[in-house]
Each structure stands twice: as C-alpha cells, then as structure tokens.
Amino acid sequence: MKHFFWTMIYTLLALALCCGCSIQDRPGNADGGQGDGADGQQNVQSADTPWQYVDTAMGTVVQQTVYAPDQETAQAFSAQAMELLWGLEQKEISWRLDTSEVYRANVTSGSEGGFLLSEELAGLLESGLELSRRSEGAFDMTLGSVTRLWNIDEWAAENGAEGFPIPSREELAGALSVCGYEKLRLQREAGDQEEKGQCRLFLPEGMQLDLGAIGKGLGLSELTSMLEGQNAVTGAVISLGGSILTYGSKPDGSIWKVGIIDPFDKSSNIGILSLEGQWCVSTSGDYERYVEVDGVRYHHILDPKTGTPAVSDVRGVTVLLKDGLLSDGLSTACFILGPEKGMALAAEYGAEALFILSDGEVVLSEGMEQYYTAIR
Ligand code: ADP
Ligand code: MG
C-alpha cells in the first residue's frame, strides 16, 4: 500500500508536468525564496515574489502560487485550500471512498427509496444534467460502470500498458446498458419562498455516478469563493492537473500567463493565454491519461454512445470561463463533440474555447483570440 502511494505520488508529479496546461509565470529564481515556504527563507522573499506549494488531491498534483503579504498568510491559505480539496473529495465526490456522498448514493442504486441529497450535490447534479442535455449526451456523469470497467486512470497512473485488459464487446454492452443521464431521476420536494425543497436521487439498478469530469472544476469554483471571501491573499494561481484558476493580481501589475501544452510534444507549449484577474482554464485531451496497446491509444474520455474512448479529430480542448465547474465539464464535452458542435456549446455557456486538432491546426473561438498568443 505504501509502495503504491509513493508510486502514485511520483507518477502524479510526472503527470503534472504533462497535463493540459502549465503555469508559465513561475517566479524568478531560487533566490526568491521559492519552495514550500517552510525553509526559513522569509528574509529573501521580496514582496513581488509569490510563495509556492505542491501537494496532491483528487488524483492529481496541486500547485499553488500565492501572493500574500507574508509567509504565514500564504501558508495558512495554502493549507486551507488543501483542506477544502481533500474535504470535497472525501466527503462529496469520490466514488472510491466510502466516506463520500457519491459513494453512498451509488450504493442505493436500484433502491425504491432513492437517496436524499445534500443541497451541494443536488446543485452539482442539476448543473451536470443540464450540460448533458445541452451536449446531446456527450457529457454524462452516469458512466461509472463503464469507466470502472476500463479503469484507465489507474492503469495510466500505476501499471502502464502491460497486461491492460481491454473490455470485451459483451462486457461493454452490459456496462453501458445501465448508463444514461436520461434514466437518472432527481425529485425535488415542494419548497417554500425561503428555501428549495429537498432533492432525492433515484439511480436505476446498476447505475453508478462518476463525477471525474467535473471534480477538479468544482474544486476551482470553491477555491474561487474562498479567495473572494478574504483579502489577505491578493493574487493566486492554483493548478489542479488540467484545470487552472487565476485570481486577483500580481504586485507588479503584470498579467497571468497560462501555457497551453502541445499535445504532440508535451514538453513544450503551443501557445499562451494572457489573463487578467479571475479565470478558470480547463483542458481535456487524449494525451493526459491513456494506455497504449499495439499502437492504439486508450484514453480516459469515453464516448457515452459506445462506451469506448472517444474517437475524435481533436487532440486537446481548452475552455476559458469564470466558473470552474462548467469550464471542466465543457472541456470534456467539447473533446467528444469536436470543434463545430463544441464551439456552439461553449458559446451557449458564454465560454471561450481552443481546439487543437489531430493535424495540428489550432481553432479558436472568436473571443479567445484576444487572450491567445501562438508560440509557433
Ligand atoms: P481530467 O480528469 O484529466 O481533467 P476530464 O475532465 O476530461 O479529464 O475528465 C475525464 C474523466 O471524466 C474520466 O476519467 C472519467 O472519470 C470521466 N468521464 C469520461 N468520459 C466522460 C463523459 N463522456 N462524460 C462525463 N464524464 C466522463
Ligand atoms: Mg472535464
């Protein structure tokens, strides 16, 4: 178990280097007092240099760049941010941990009484269902039985391709038959003027929720609220794997730079987004988590119509929006939908989108042009 944990940490750190986006704006040099802030370098920390922290949550690496008046404030904020992310994972959205609400809801699949939801999870599921409807089912949180059958995230992180069991047609058909957002039922009791009524979830027999496509985005949304509710931290960039939050400003007034990784060469960026203030940037791609067997790439974004990794002429999609939950959900949906339908969907939500196609072409929404600079 311990070995597994450390393998995970190392793999995740490696993954962080090849996720869809990267923070371009890492401050200067080691003299600036970088690191986890615990090394007693407070004296050499200039007011313009942020503190940086790295940890793990939600199966990925969390990198925080924090601008605060002093180390104590930065460290306290960073610890609070990690508590928030671990809390979300453990209490709300993980399907693996029996402490979470999603886990407990999944256990009731097939039951007549259903499952009484917290207002948080009810709201999350309502937003997710709305996205499913608008994306014509490309985004679907009810794919749990199929994602578990593939188990690609775990194979990609731990085992590599050797011995990777490709599900049979029959297995896939069986798992897929219990999926489908249209079969999930949310029933709200009548509320009053002050409060909405409580919401009950009914999962048909065998159906399992998987909120993997919006978990990190939810984390960014909640971190945004946390940042907005305080004024000690004046600027921050928080990267959760393929999802990045920018907030506030830097003391020198320069803007945030978020790199878009080149799916054809993950060690470099294809372009940069220049952003002012608060934004969420989410990327989904076939190069993030995958297992390659005999030249076929099995990645972790599944087409709900087939239950297999989505076949798309897109390598990666980056969505820019103020709201993290939606930017994350949209990037997954847009990957499956492709540039034409994906652009239309992003526009419905007022989001900007950038598609990197299989032939290397980069397609931008009109509004994205003002933020994007191609590197080559
Ligand atoms: P990442 O988690 O790397 O940021 P995504 O946000 O695109 O990538 O989410 C991928 C995860 O979402 C998968 O690991 C799986 O748990 C889940 N998933 C896969 N396909 C779909 C889909 N069509 N709709 C909703 N969730 C999906
Ligand atoms: Mg997503």
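Helix α9 (residues 324-348) contributes 3 residues to the wall of the second largest pocket, the largest share of its lining. The model examined here is a predicted one, and this pocket is a friendly place to begin looking around it. The pocket holds about 270 Å³ of space. Its lining counts 18 residues in total, and those that lie nearest the centre are Glu136, Gly137, Ala138, Asp303 and Lys305.

Helix α9 appears again in the description of the cavity. Searching the whole structure for cavities of 30 Å³ or more turns up 1, and the largest cavity encloses about 40 Å³ of space. Its lining is made up of Leu124, Ser127, Gly128, Leu131, Phe139, Ile214, Leu325, Leu326 and Gly329. Two elements, α4 (119-134) and α9, each give two or more residues to this lining. Of the elements involved, α4 gives the most, with 4 residues.

With these spaces located, the chain as a whole can be described. It is built from 9 helices and 19 strands. It has 376 residues, and 55% of them count as buried. The accessible surface amounts to about 16900 Å², with carbon and sulfur atoms accounting for 50% of that area. Contacts that link distant parts of the sequence are also part of the picture: when contacts between residues at least 6 apart in sequence are considered, 62% of them join residues at least 24 apart.

Helix α2 offers a simple check of geometry. It runs over residues 71-93, 23 residues in total, and spans 32 Å from its first C-alpha to its last. That span is close to the 33 Å expected at 1.5 Å a residue. At the start of α2, Asp70 places a side-chain oxygen within 3.2 Å of the backbone nitrogen of Glu72. When following such a helix on screen, it helps to remember that an α-helix has 3.6 residues a turn, so residues three or four places apart point the same way.

Two loop residues deserve a second look for their backbone angles. Most residues other than glycine have a negative phi. Met58, however, has a positive phi, near 50 degrees, and is not a glycine. Asp294, which is not a glycine either, has a positive phi of about 50 degrees. Met58 sits in the loop between β2 (51-57) and β3 (60-67), while Asp294 sits in the loop between β12 (290-293) and β13 (296-299). Are these residues buried or exposed? Met58 has a relative accessible area of 12%, which is under the 20% limit, so Met58 is buried. Asp294 has a relative accessible area of 77%, which is over 50%, and therefore counts as exposed.

A last example comes from strand β11 (residues 279-285), where Thr283 is found. Thr283 has a relative accessible area of 5%, again under 20%, so Thr283 is buried. Which residue has a side chain joined to that of Thr283 by a polar contact? The partner is Thr318, and the polar contact between the two side chains is 2.8 Å. Thr283 can also be compared in position with Cys334: the two are 51 residues apart in sequence, and their C-alpha atoms are 9.9 Å apart in space.

Methods: Residues are numbered from 1 along each chain as its sequence is written. Chains are lettered from A and ligands numbered from 1 in the order in which they are written. This is a predicted model: local features need pLDDT of at least 70, side-chain atom pairs count only at pLDDT 80 or more; totals for chains, interfaces and linings use all residues. Side-chain values use heavy atoms; hydrogens and water are left out. Buried means under 20% relative accessible area, exposed over 50%, partly exposed in between (1.4 Å probe, protein chains only). Contact means heavy atoms within 4.5 Å. Accessible areas come from the Shrake-Rupley method with a 1.4 Å probe; for residues, only the protein chains shown count as cover. The expected span of a helix is 1.5 Å times one less than its number of residues. A polar contact is a pair of N or O atoms within 3.5 Å; within protein, one must be able to donate a hydrogen and the other to accept it, and residues adjacent in sequence count only if both atoms are side-chain atoms. On a 1 Å grid over the protein atoms alone, a cavity is a set of points where a 1.4 Å probe fits but cannot get out, and a pocket is an open set with protein on both sides within 12 Å along at least five of seven lines; lining residues have an atom within 4 Å of a point. Grid points are joined across faces, edges and corners, and a volume is the space filled by probe spheres set on the points.
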